[in-house]
Amino acid sequence: MPAPAAPDPRSAPATGSRIPLRTVLTSGLRWDLPASLVVFLVAVPLSLGIAAASGAPVMAGLIAAAIGGLVAGTLGGSPLQVSGPAAGLTVIVAGLIEQFGWPATCAITAAAGVLQALLGFARVGRVALAIAPVVVHAMLAGIGIIIVLQQTHVLLGAEAGESAWQNVTALPASIASLDPQAAVLGVAVILLLLGWKYMPSSLRRIPAPLVAVVAATALSLPLASDVDRITFDGSLLDALSLPQLPDGHWSAVVIGVVTIALVASVESLLSAVAVDRMHHGERTDFNRELVGQGAANLTSGMLGGLPVTGVIVRSATNLEAGARTRKSAILHGVWVLVFSLLLAGVIELVPVAVLAGLLIIIGVRLVKVADFNTARATGDLAVYAVTLLSVVFVNLLAGVVTGLALAMAAVLWRVVRAGIHAEPLGARDEQRWRVVIDGSCSFLALPRLSHVLASVPPGSHVTVELEVDFLDHPVHDTLDAWRRRHVSNGGTVEIEESGTATLRAAQDRPPARGNSRSALRGGFAPWRSWQQHGRAEQSGPTAEAAAPLRPVLAGVDNYHRRHAHLLRPHVQELAAGQNPDTLFLTCADSRLVPNLITSSGPGDLFTVRNVGNVVGNAVGHDRLDPSVEAALEFALSELSVKSVVICGHSGCGAMSALLAEAQTAPERSPQIAPKTAPDTARGAVDAWLDHARPSLAAFRAGHPVQAEAANAGYGEVDQLAMVNVAVQLEQLQRHHSLQQGLRSGELHLTGLFYDIATAQVLQVTTAGISHLDPVP
């Protein structure tokens with residue numbers, strides 16, 4: 001279970017207040033002290049095993065563990081991360097020791113620490129996270145395989161080879177010369193580590209690595225000198241040694257420094273990200289973490305220790321043990337130091353095969369099936385496989401560089417590749433074809449584009465659907481040259497552009513990626529925004545004026561091709577009936593699209609539209625227009641809507657007609673005149689506007705909405721439109737069918753106003769207006 005949240009530093013007392021030193025030192029100690037002991041018990045056997053696998057002095061692992069806790073724990077930016085020697089660097093360190101020797105490897109470690117600190121001071125901590133995770137996962141898996149191959153020979157009582165391939169080919173010989181005692185001890189450790197999770201919870205509180213190493217070591221004691229055990233000369237103080245500069249081969253030294261710095265930084269930062277996901281307290285400062293890790297590696301290298309990184313196994317143990325602050329990581333370093341000084345002799349009792357069994361489990365756990373499945377599902381399996389094989393059978397640096405290059409090539413291919421295909425439409429004798437270009441279309445797509453265009457039969461009628469977010473000039477030239485050639489051969493070409501990048505832009509200015517949220521892509525742009533492009537580009541003898549129904553039919557065709565398949569999964573459950581949330585009464589104006597301004601879809605709004613978004617007759621304030629009355633009754637009784645919205649808009653023609661009439665005719669009563677003369681004598685629109693004349697009277701009387709709209713800078717037409725929304729709200733509030741729901745809070749009533757020029761939506765109440773979003 002995740003540990004309780006660490007205290008948030010932002011909750012500290014205000015500037016000027018002082019926190020007692022005793023409080024600082026003891027805060028959280030009741031949780032951090034026992035957690036530090038648990039982490040210490042895990043760190044000791046792991047550090048010994050990693051030192052043995054690296055070919056370094058055994059004490060170098062304990063030195064690195066102590067420094068990781070004390071230095072990285074104090075200076076690092078991840079308060080709950082625990083640092084120390086990591087299995088991910090064993091292959092690198094082993095190679096450096098073989099090439100330069102141990103003292104020079106310590107110097108390389110110290111130099112890598114300086115480089116890490118400089119990266120932290122340069123504030124590039126987050127940049128290191130840009131390395132493709134699939135490469136990191138494959139690198140760790142490759143290191144795990146190398147460790148398993150190497151330590152299997154040690155477990156069998158044989159010498160490990162210098163390379164993974166040698167360890168593979170020498171495996172039959174090692175099995176033939178099996179040392180039964182070493183094998184039994186190593187297998188016992190493996191079985192204990194694998195089976196510990198099945199033990200009672202009270203026993204599982206003891207770290208499994210500690211149990212396995214202690215139990216197997218106790219089992220080996222009767223074997224006396226027949227088993228190879230860990231050996232070292234002197235104490236921890238004797239193991240402390242100053243580094244030495246390498247003797248030449250400076251290019252290899254630089255590569256070693258950069259490799260350790262980058263691998264240690266990436267592993268530490270990825271571990272810190274994982275730790276952040278496991279708790280809700282203070283987040284990691286990645287730049288500070290790099291400085292802290294650099295300081296730890298500088299100190300470890302100067303004192304004769306292994307490279308240090310943040311380690312997820314110890315960090316997870318720290319959290320599970322209940323750590324609250326960085327004191328746990330620091331104290332774990334103290335316990336490692338005390339153990340190394342006072343109980344170092346105990347280490348010489350541990351058989352080498354016992355550590356081999358522990359390292360085999362560590363190596364196996366570095367190869368995660370989940371990472372393999374993720375790479376396969378996301379199309380990165382080739383990157384994963386190439387990186388892993390290169391790490392195992394070439395070397396770690398070559399594997400990482402190859403993996404990164406392949407990952408970048410894969411990203412480049414996916415980003416710049418456009419989906420291009422051609423298909424016939426209708427019967428063969430119609431000679432109608434469609435060419436679809438979708439995605440990012442650059443000169444890299446020209447081979448595919450040229451091949452597809454060449455497959456279109458000469459003389460055919462072609463529609464080119466260009467829905468791209470990036471398009472450069474070479475693509476424009478290729479399309480234009482093909483269009484002219486196709487037209488000269490008797491065909492026609494119509495180009496429909498509905499993407500965010502256009503042919504005209506590719507010709508006039510440098511290419512740039514378009515906005516992925518463009519309305520053109522969402523299917524909400526007006527016909528003229530994309531159909532006009534097609535008509536402008538249309539060529540050939542059959543080009544003529546579009547038929548009146550062409551925009552509608554072309555729009556339906558566009559919907560079927562580009563949006564129907566996306567919408568179909570969401571509307572299948574609506575086929576049996578509707579269950580909208582809102583009755584939305586708005587104007588019939590073609591510029592106002594309710595679903596667009598409310599980001600709603602099919603089944604969300606029960607929409608009623610009429611001229612001027614009015615609810616009807618104001619006489620007696622109880623009867624509405626029959627169409628509105630019927631819609632309201634159906635929405636409330638059958639659909640059980642939860643809200644009713646009245647929505648007006650700017651530049652409303654009905655409001656303009658009312659104001660124009662008021663300026664040229666005598667003032668008309670806000671009440672509808674008695675029907676002594678047929679409405680047809682006045683005209684249907686004029687008769688309908690009687691429903692909005694109460695709004696005109698309220699406007700003239702200085703309605704509060706009118707005053708706020710005027711102060712906001714709106715003209716008289718828009719002021720009247722907002723007052724009209726408020727008046728319709730007032731009339732609905734008095735309607736008998738809504739009053740009970742409004743009083744109980746089961747029904748909500750509000751008004752909206754859509755400003756067409758700014759594409760902004762305002763809220764209108766009976767008392768004023770307000771912005772729903774910050775004004776840009």
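**Close-up 1. Burial of Phe40 and Phe339 in the predicted model.** Phe40 is buried, with a relative accessible area of 13%. Phe339 has a relative accessible area of 15%, and it too counts as buried because the cut-off for that class is under 20%.

**Close-up 2. The aromatic pair of Phe40 and Phe339.** The structure holds five aromatic pairs, one of which is formed by Phe40 and Phe339. Their ring centres are 6.1 Å apart and their planes meet at 65 degrees, an edge-to-face arrangement. The pair connects distant parts of the chain: Phe40 belongs to helix H2 (residues 29-54) and Phe339 to helix H16 (residues 327-342), with the two positions 299 residues apart in numbering.

**Close-up 3. The tilted pair of Phe606 and Phe634.** The ring centres of Phe606 and Phe634 lie 5.8 Å apart, and the planes stand at 40 degrees, so the pair is classed as tilted. This contact also links distant parts of the chain, joining strand E8 (residues 605-610), which carries Phe606, to helix H30 (residues 626-637), which carries Phe634; the two residues are 28 residues apart. Phe606 is buried at 17% relative accessibility, whereas Phe634, with a relative accessible area of 36%, is partly exposed. The two residues fall into separate classes because buried requires a value under 20%.

**Close-up 4. Arg324 over the face of Trp31.** Arg324 is positioned over the ring face of Trp31, at a distance of 3.7 Å from the ring centre.

Conventions. Residues numbered from 1 in each chain as written. Predicted model: local features only at pLDDT ≥ 70, side-chain atom pairs only at ≥ 80, totals over all residues. Heavy atoms only, no water. Phe/Tyr/Trp six-rings, centres within 6.5 Å; stacked < 30°, edge-to-face > 60°. Helix = DSSP H or I, 4+ residues; strand = E, 2+ residues; numbered from the N terminus. Buried < 20%, exposed > 50% of the residue type's maximum accessible area, 1.4 Å probe, protein only. Lys NZ or Arg CZ within 6 Å of the ring centre and 35° of its normal.
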